[in-house]
Amino acid sequence: MRNRLLALLLAGATTAAAPAAAQDLRAAIRADMPDLMTLYRDLHAHPELSMQETRSAARMAEEARRAGFTVTTGVGRTGVVAVMQNGPGPVLLLRADMDALPVEEQTGLPFASHVRGTSLTGVESGVMHACGHDTHMTTWVATARRMAAMRSQWSGTLVMIAQPGEEIGAGAKAMLDDGLYTRFPHPTHAIAFHDSASLPAGVIGYSPGPALANVDSVDIDVRGVGGHGAYPHTTRDPIVLASRIVTTLQTLVSRELNPLDSAVVTVGSFHAGTKHNIISDDARLQLTVRSFTPEVRRQLLDGISRIARGEALAAGVPEDRMPVVTVREAEFTPATVNSEGLAERTAALFRTEFGAARVTRTPPVMGGEDFSRYHLADPRVESMIFWVGGVPQARWDATHGDPAQLPSLHSAFWAPDADAVISTATEAMVVAAMGVLGRHA
Ligand SMILES: [Zn+2]
Ligand SMILES: [Zn+2]
C-alpha cells in the first residue's frame, strides 16, 4: 500500500493501537467528515417514505457519478445501481437503504424533519429517518469515494446499490425483479450495515449465522353477528370472540413451540365497533409474526388459522361467518442469515482495525431486513450485515445501556451520534470491501 513504510514509522512513533493502513484510512475519512455531515443533515431533513425516494436517489446517483461510478437509476422504481469495474476479481455488492418512516420527529434537532407524506396505502403522516437510513446513505457515499480513491489497491467489481422500500419489505425484491442480477455484474459477495440503538456509538456488532428474523403480516377478520348492546343473546359478539383469539394466540409461543426456538406473535392492531350500545358485525386484528426457520414460520401461521377457527367454533359462530385469516405474502420478509465464513473473516479484520474492545458478537434479533433477499436470490452469494452502534456515549453511560431508558430504532426520539456512526461504518465498509477485493499478493 502507498505510504505504508512512512505510515508504519509514524504509527510506531505515535500509537501502537491501529495498524498503519488504518491510520491512513481514518485520516482520509476524518478529512471528509464535514462534507459528509452536511450531506447527512440534508438527507435527515428531507426524509422520503418507502418507494417514493426520488430526491434521495437523485442525490445518491449524483454523488456516485462524481466519484467515478457508472450509474443507473430507476432500478426497482427508485433504486440506484453504481458500478465500478476495476479488473478481474470478485464482484462485491454494497447496499444502503433509503426510505424513512411515517413517524413525526420529536428529537428537537436543529435539522429535524418537518416533512409530511402519504404512504402507498394512502395514510398521511409526519416522515422521519427514525431507522437511521440517512446514516446508511451517507456512509454509502463516503465508501464510494474512498474505494474510488483506493482503486490501485483492489481488483474486481464494486456494485453499490441504494435500495428503496426496506421498511415495507418491498425494495430488495423490486430491484431483483428489475434485473439487478442480470442487467448488472452478478455479485459473489454482498455486504451492508445497519445503525444500532442498542450499542454505544462506534461499537460494531456482528452475528455469524442467523441475524434477523422472518417477518409476516397477518390480518384476521373476525366476523360475528351484530345487534343491540342490550340483547347480546340475539348476537355473536365479535369483540368478545376477537379478545379470546388474542388471548389464545399467546399460547402459540408459550405452549406449542419448542422453548429453544425463538418466535414472536404480536397483535398490533385491534379495531371494532362504532358506539356504546351496538354489538358490531366484525372485528379486525393485525398481527406481526416473527421466526427464524421455515418450519417455525409454518407452525405459527398454521396455528393462527387453527386458533381463529377453533375459537369461532367455541363461540357458536355459524360456518359461513368463520374468521378470515390472510397472510400478506407480498409483505413477507425472509430471515437474514449471515454467511459464517464471510462474517468471521470480516470480524477478524474489524478487530485488527478497531481493536477487540470495539467489536462485539451480538445475538440475533427479531427485527427483519430484506437484505436477506440478496443471498436468497442466489445462495452462492456470501452475505453479511453488521451493526454500528449509534447511542451517544453520554446517554449510554447515564443509562448503563438499559434498553428501557433508550429510544429504539423507529422511535420519534432516535437521534444517533451520526458522526460516530458514519465515520465508523465507512471505515468498516472499506475494510470489509478490501477484505473481499484487496490485492493480497
Ligand atoms: Zn426500520
Ligand atoms: Zn432500517
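## Briefing: two zinc ions, a sheet and salt bridges

At 46% relative accessibility, Arg306 counts as partly exposed. Arg306 is a good place to begin, since its side chain takes part in a salt bridge with Glu256. Please keep in mind that this is a predicted model. Two zinc ions share the donor Cys131, 4 strands form an open sheet, and the salt bridges come to 29. The points below take these topics in turn.

**The zinc ion (ligand 1)**

- Cys131 (SG), Glu167 (OE), Glu167 (OE) and His410 (NE2) coordinate the zinc ion (ligand 1), at 2.0 to 2.6 Å.
- The angles among the 4 donor atoms run from 55 to 150°, and the site is irregular.
- For orientation, ideal angles at a metal with four tetrahedral donors are 109.5 degrees.
- Along the sequence, the donor residues of this ion follow the spacing C-x35-E-x242-H.
- Cys131 sits in the loop between strand S5 (124–126) and helix H4 (133–149), while Glu167 sits in the loop between strand S6 (156–163) and helix H5 (171–177), so the pair ties together parts that are 36 residues apart in sequence.

**The zinc ion (ligand 2) and the shared cysteine**

- The zinc ion (ligand 2) has Cys131 (SG), His133 (NE2) and His194 (NE2) as its donors, at 2.1 to 2.4 Å.
- Here the spacing along the chain reads C-x1-H-x60-H.
- Cys131 bridges this ion and the zinc ion (ligand 1), and the two ions lie 3.1 Å apart.
- Cys131 counts as buried because its relative accessibility is 6%, and His133 is buried too.

**The sheet and the helix on it**

- The open sheet has 4 strands in the order S12-S14-S10-S15, with antiparallel pairing.
- Strand S12 (263–272) and strand S15 (324–327) are the edge strands, each pairing on one side only.
- On average, neighbouring strands of this sheet are turned by 20° against each other, direction ignored.
- Helix H6 (residues 238–256) packs on the sheet and touches S10, S12 and strand S14 (282–291). The direction of helix H6 makes about 170° with that of S12.
- Strand S10 (residues 214–223) and S15 run antiparallel and are joined by 4 bridges. Within S15, Val325 stands opposite Ile220.

**Salt bridges**

- Asp32 and Arg145 meet through their side chains in a salt bridge (2.9 Å, N to O). This pair links distant parts of the chain, with Asp32 in helix H2 (residues 20–45) and Arg145 in helix H4, 113 residues apart. Both residues, Asp32 and Arg145, are buried.
- Asp32 and Arg145 also belong to a network of salt bridges. The network links them with Asp35, Asp42, Arg55, Arg59, Glu62, Glu63, Arg66 and Arg146.
- Asp177 and Lys173 form a salt bridge as well (3.1 Å, N to O). They are 4 residues apart in helix H5, so about one helical turn separates them. Asp177 counts as exposed at 57% relative accessibility, whereas Lys173 is partly exposed with a relative accessible area of 37%.
- In the salt bridge of Glu256 with Arg306, the closest N and O atoms are 2.5 Å apart. Glu256 lies in helix H6 and Arg306 in helix H7 (residues 294–314), so the pair ties together parts that are 50 residues apart in sequence. Glu256 counts as partly exposed, at 31% relative accessibility.

Key. Residues numbered from 1 in each chain as written. Chains lettered and ligands numbered in written order. Predicted model: local features only at pLDDT ≥ 70, side-chain atom pairs only at ≥ 80, totals over all residues. Heavy atoms only, no water. Donors = N, O, S within 2.8 Å, 3.2 Å for Na, K, Ca; no water. Tetrahedral: all angles 85-135°; square planar, octahedral: opposite > 155°, others 65-115°. Helix = DSSP H or I, 4+ residues; strand = E, 2+ residues; numbered from the N terminus. Buried < 20%, exposed > 50% of the residue type's maximum accessible area, 1.4 Å probe, protein only. Pairing = 2+ DSSP bridges. Axes fitted to C-alpha atoms, helices over the stretch in contact; angles between N-to-C directions. Contact = heavy atoms within 4.5 Å. Salt bridge = Lys/Arg side-chain N within 4 Å of Asp/Glu carboxyl O.
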